[in-house]
Amino acid sequence: MVTTNTNEVHNKSHESLHSKSHESLHNISHESLSTTNENLRYLSMKYLGYVVLGYILVLHFIGIFGVSLYLTIIPSTKQILKNKNLKMFTFSVFTIVSTFASCGFVPTNENMIVFKKNSGLLLMLIPQVLLGNTLYPPFLRFCIWVLGKFYKKKECGYLLKHSEEVGYKHLLKGKHSVFLVATVFGLLVVQVTLFCLMDWNSEGLKGMNNYEKLIGVLFQSINSRHTGETIVDISILSQAMLVLFVLMMLVSLTFSLFF
């Protein structure tokens with residue numbers, strides 16, 4: 001009888017020790033996992049900072065190089081800058097930085113009106129307008145995805161899966177990024193279509209061929225919601241077009257306030 005009780009006490013003691021040991025190991029494992037996740041979060045935020053910096057620098061470099069090259073190749077643009085006593089590099093840097101930052105400043109009295117027939121230049125500025133503004137969040141996410149595919153960085157996977165935990169509001173979820181891209185291009189299609197229907201033969205587009213008009217309309221439509229750069233004197237556009245510009249600016253303002 002005494003032996004049986006002793007065995008029971010021994011078994012209970014062994015079970016208690018085993019339970020405590022298992023609980024202790026579980027706590028240590030949980031703490032270790034928590035520390036690892038916190039460390040990965042910190043590394044991911046640090047990595048995101050480098051990605052954003054690289055994003056800005058690369059786009060600025062490409063823009064400045066492209067505009068400078070265009071100004072060098074196209075004689076008419078060089079003549080415009082010469083008449084205004086502007087240095088090519090100064091104009092390129094100023095215009096790209098202003099366009100990317102959605103400032104809308106151009107070192108000419110007429111904004112981009114003097115370059116309205118230079119479709120190549122306008123096409124170079126359009127990506128700067130979009131990628132520095134409404135398409136920045138989805139394109140940033142795309143860059144992180146590409147880096148993750150090529151370099152297999154854990155930080156990239158964490159940023160894509162836990163964008164909200166990072167605390168950087170411009171890093172949207174995949175679904176939201178798709179919706180944003182669809183919205184931007186949807187509004188752009190509407191605006192370009194209405195512009196072409198209402199002001200294709202307006203005084204502001206006079207002297208331009210169809211290709212130049214199309215690129216000009218595209219540039220003007222994009223800028224009405226972003227930088228405010230213009231290739232036409234908007235005072236001579238139709239009243240309906242001005243109302244459309246106002247509505248698009250309000251849409252842009254609403255997006256900025258709520259997102």
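This is a guided tour of a predicted model, arranged as a series of selections to make in the viewer.

**The whole chain**

Begin with the full chain in a cartoon view, where you will find 10 helices and zero strands, so that, by the way helices and strands are assigned here, the order along the sequence reads α-α-α-α-α-α-α-α-α-α. If you then colour by relative accessibility, the buried residues come to 37% of the 259 residues in the chain. A contact map is a useful companion at this stage: of the contacts in the chain with a separation of 6 or more, 72% are between residues 24 or more positions apart.

**The nonpolar core**

Next, select L48, M112, L140, I144 and I231, which are the residues with the most contacts inside the largest nonpolar core, a set of 54 residues. Helix α1, covering residues 2–73, gives the most to this core, with 10 residues.

From that group, keep I231 selected and display what surrounds it. Which residues is I231 in contact with, leaving aside its neighbours within four places in sequence? They are M112, I113, K116, L122, L205, M208, G216, F219 and Q220, and M112 in this list is also among the residues with the most contacts inside the core.

**A serine in helix α1**

Move now to S44, whose place is in helix α1. Is S44 buried or exposed? Its relative accessible area is 0%, and S44 is therefore buried, since the cut-off for that class is under 20%. With the neighbours within four places in sequence left aside, the contacts of S44 are with E155, Y158 and L159, and showing these three residues together with S44 gives a view of its surroundings.

**The loop between α3 and α4**

Select the loop that runs between α3 (88–100) and α4 (119–131), and pick out S102 within it. The phi of S102 is near 60°, which is a positive value in a residue other than glycine. Further along, N111 is found in the loop between α3 and α4 as well, and its phi, near 55°, is again a positive value in a residue other than glycine. N111 counts as buried because its relative accessibility is 16%, and the limit for buried is under 20%.

**The cavity**

For the next stop, turn on a cavity display. How many cavities of 30 Å³ or more are there? The count comes to one, and the space in the largest cavity is about 40 Å³. To see its lining, select L130, V184, L188, Q191, S221, I222, R225 and H226. The elements that give two or more residues to this lining are α8 (174–199) and α9 (210–223), and the largest share, three residues, comes from α8. Colouring the lining by class shows four nonpolar, three polar and one charged residues.

**Two cysteines**

Finish with the cysteines C156 and C196, which fall in two accessibility classes. C156 counts as buried because its relative accessibility is 1%, whereas C196, at 23% relative accessibility, counts as partly exposed, a class that lies between the cut-offs of 20% and 50%. A disulfide is a covalent bond between the sulfur atoms of two cysteines. With the requirement that a pair of cysteine sulfur atoms lie within 2.5 Å, the count in this model comes to zero disulfides.

Note on methods:
Residues numbered from 1 in each chain as written. Predicted model: local features only at pLDDT ≥ 70, side-chain atom pairs only at ≥ 80, totals over all residues. Heavy atoms only, no water. Buried < 20%, exposed > 50% of the residue type's maximum accessible area, 1.4 Å probe, protein only. Core = buried A, V, L, I, M, F, W, Y, C linked by side-chain atoms within 4.5 Å. Helix = DSSP H or I, 4+ residues; strand = E, 2+ residues; numbered from the N terminus. Contact = heavy atoms within 4.5 Å. 1 Å grid on protein atoms, 1.4 Å probe; cavity = no way out; pocket = protein on both sides within 12 Å on 5 of 7 lines; lining within 4 Å. Points joined across faces, edges and corners; volume = space filled by probe spheres on them. Nonpolar A, V, L, I, M, F, W, Y, C, P; charged D, E, K, R; others polar.
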